[in-house]
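Look at the model below. The report goes through a few loops, helices and strands, and then turns to empty space.

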Amino acid sequence: MKNIPIGQYLVNEGIITSEQLDHVLETKRKENIPGKYFGDYVIQLGYVSDMQFGQALAKKLNVSFVDLADPAFKVEVEAVKKIPEALARKHNIIGLKMTGRRITVATDDPVNFFIFEEIKVTTGMDVIPVFATKTAIHKAIGKYYQMENATNVIDSVEEQFKAQELLQDAEAAASEERVDNAPIVKLATTIVENSFRAEATDIHIEPFKTYTRIRIRVNGDLVELMNVSNIVHTSLVTRYKIISGMNIAEKRVPQDGRFSQVVDGTKLDVRVSNLPMVHGEKIVIRILSTGDVALRKITDLGMNAFNYDKFERMLKVPQGVLLVTGPTGSGKTTTLYAALGELAKPHVNVITVEDPVEKSIDGINQCQVNEKAGMTFSAALRSILRQDPDIVMVGEMRDQETAEIAIRAAITGHMVLSTLHTNDAASTVTRLVDMGVQPYMVATSLIGIVAQRLVKKICPECKTPRRSTPEEDELMGIEGPITIYDAVGCTKCNNTGYTGRTAIHEILLCTQEMMSLIASGGKTSEISKLARSQGTKLLRDNISDLVQAGSTSIDELTRVTFAL
């Protein structure tokens with residue numbers, strides 16, 4: 001069993017199929033990229049997660065597997081420091097703990113004994129290897145080695161600026177020559193690195209009279225990352241404008257740009273927005289998902305079994321419109337990509353029109369909107385329909401023209417996936433009619449609607465149990481007090497009380513009765529009532545289940561679904 005190739009081992013274990021193995025090997029043979037192995041391809045193609053592959057490979061090689069991303073896993077800082085950072089990055093290893101004259105190290109190549117000999121010579125200790133995923137080790141190296149400590153970087157920047165005496169002149173502070181110095185470059189890089197390691201989605205660089213505040217959005221909330229002196233603000237902004245392709249001389253109008261940065265082995269696609277304020281230019285940086293990260297499958301969207309079954313049924317319908325709705329940052333695009341991953345087959349032509357293209361997907365034709373060049377959603381969609389598509393994804397239905405073209409495409413035999421900004425599934429129908437689409441066209445084309453929100457998960461380390469009050473029981477729609485949990489805050493969750501997020505969903509299927517109601521101009525309340533009678537679980541029902549299960553708090557229920 002040990003001597004068979006890892007691909008065949010995965011097939012024997014029932015983790016992938018023989019057809020998937022053939023596809024991986026064929027892709028590897030065609031690309032033939034040095035240093036890219038079977039495991040990289042099988043994860044890239046989405047057949048297994050890096051965790052699944054790591055566990056399978058560890059089992060095959062008969063070595064222990066560790067999950068470095070698990071908050072409960074303890075890493076000894078002294079063991080990390082025992083191995084020089086250059087050596088750790090060279091071989092993608094990290095020290096975990098020391099016992100006597102032995103050091104346990106995490107590696108993604110546990111049979112490469114040359115690495116362990118080099119560590120033994122450097123540390124003077126015997127090496128015990130354990131297996132961890134390549135991504136997890138990259139992140140751990142970035143987290144535990146503090147070569148570019150943010151405080152030291154800020155201090156060095158401010159000291160250099162004070163020494164240069166060029167700060168009296170605002171124009172001199174913005175000069176491109178001085179911005180290219182090492183401390184500013186290092187500060188700009190460190191801000192993105194630390195934000196990514198904190199699993200932030202956005203970075204806000206906000207100028208005030210005497211200081212610049214830098215905040216990051218983690219789990220939907222803005223938390224302060226650091227403050228820097230206002231003397232470096234102009235140069236920091238100019239640095240980001242240079243690398244994201246903006247005009248550094250223009251300070252009076254908003255600008256947009258983007259750049260790429262590699263952090264802990266992961267290539268980030270970073271989108272930058274610049275807006276002039278009273279005390280200077282504010283920069284907001286969006287850290288987008290990248291092609292380096294495998295697509296999520298629909299089983300990884302956090303749906304309960306009831307909603308997952310409904311979503312699967314919708315994806316089996318050959319033509320029509322499937323809409324995902326919710327506010328900005330609620331995970332709509334992630335859900336659409338997961339659906340595309342399920343629908344995209346070698347014999348199907350899939351085309352998307354997005355603004356921006358957030359993730360490059362192999363085998364799917366992706367089109368980028370460019371408003372300045374006249375490449376709008378509606379213009380792109382018209383052309384796409386002449387490209388013989390089977391499945392079309394429209395990033396967002398923003399206007400009547402786009403909505404009508406998409407609906408007509410669905411009626412003429414295409415599968416159309418799109419997003420819309422509405423509060424719940426039932427109001428989506430009303431919104432389409434308000435946009436100018438005829439009710440009968442909505443009824444004829446609609447497959448179903450998925451409304452979703454992202455909910456913070458309560459920290460398992462510090463959550464505190466208590467009995468619910470009558471008002472809280474009413475909010476959850478239950479009778480009698482039950483045990484619920486409050487978020488408290490500890491070192492594990494950075495004193496927020498929450499770790500990570502999950503999604504809640506409200507799925508409305510367009511049945512024959514629903515179709516008749518929509519075609520006759522049914523109101524939102526009538527559509528919602530019929531959907532509930534047909535088994536739709538509302539967003540509040542879903543989050544109420546999470547509160548009762550101890551997965552989130554009553555505060556999150558109120559924040560996400562409270563209504564007058």
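Asn62 sits in the loop between helix H4 (50–61) and helix H5 (77–82). Helices (H or I, at least four residues) and strands (E, at least two) are DSSP runs, numbered from the N terminus. Asn62 is not a glycine, yet its phi is positive, at about 60°. Most residues other than glycine have a negative phi. The relative accessible area of Asn62 is 60%, so this residue is exposed. Buried means under 20% relative accessible area, exposed over 50%, and partly exposed in between (1.4 Å probe, protein chains only).

A word on the origin of these values. This is a predicted model, in which local features need pLDDT of at least 70 and side-chain atom pairs count only at pLDDT 80 or more, while totals for chains, interfaces and linings use all residues. Residues are numbered from 1 along each chain as its sequence is written, and side-chain values use heavy atoms, with hydrogens and water left out.

Asp388 also has a positive phi, near 55°, and is a residue other than glycine. Asp388 belongs to the loop between helix H16 (377–384) and S13. Its relative accessibility is 63%, so Asp388 counts as exposed.

Now for two helix residues. Are they buried or exposed? The table gives the values.

| Residue | Helix | Relative accessible area | State |
|---|---|---|---|
| His91 | H6 (residues 85–91) | 16% | buried |
| Ala140 | H8 (residues 134–144) | 9% | buried |

What does each one touch? Contact means heavy atoms within 4.5 Å. Neighbours within four places in sequence are left aside: His91 is then in contact with Ile115 and Glu118. Ala140, not counting residues up to four places away in sequence, touches Leu68 and Ile94. Ala140 and Leu557 are 417 residues apart along the chain, and 33 Å separates their C-alpha atoms.

Next come the strands. S14 covers residues 415–420, and 6 of its 6 residues are buried. Which way do they point? Met415, Leu417 and Thr419 point one way, while Val416, Ser418 and Leu420 point the other way. Residues on both sides are buried.

S14 has paired strands. Two strands pair if DSSP finds at least two bridges between them. Strand S10 (residues 320–325) pairs with S14 in the parallel sense, over 6 bridges. There, Val324 stands opposite Thr419. Strand S13 (residues 391–394) pairs with S14 in the parallel sense too, over 4 bridges. Val394 has Ser418 in S14 as its bridge partner.

S13, helix H17 (residues 400–411) and S14 form a right-handed β-α-β unit. Right-handed means that, with the strands pointing away from the viewer, the path from the first strand over the helix to the second runs clockwise.

Last, the empty space. How many cavities of 30 Å³ or more are there? The count is 1. A cavity is a set of points, on a 1 Å grid over the protein atoms alone, where a 1.4 Å probe fits but cannot get out; lining residues have an atom within 4 Å of a point. The largest cavity holds about 30 Å³ of space. Its lining includes Ala425, Glu506 and Ser528. Helix H18 (425–434), strand S18 (498–509) and helix H22 (524–533) each supply at least two lining residues.

Conventions:
On a 1 Å grid over the protein atoms alone, a cavity is a set of points where a 1.4 Å probe fits but cannot get out, and a pocket is an open set with protein on both sides within 12 Å along at least five of seven lines; lining residues have an atom within 4 Å of a point. Grid points are joined across faces, edges and corners, and a volume is the space filled by probe spheres set on the points.
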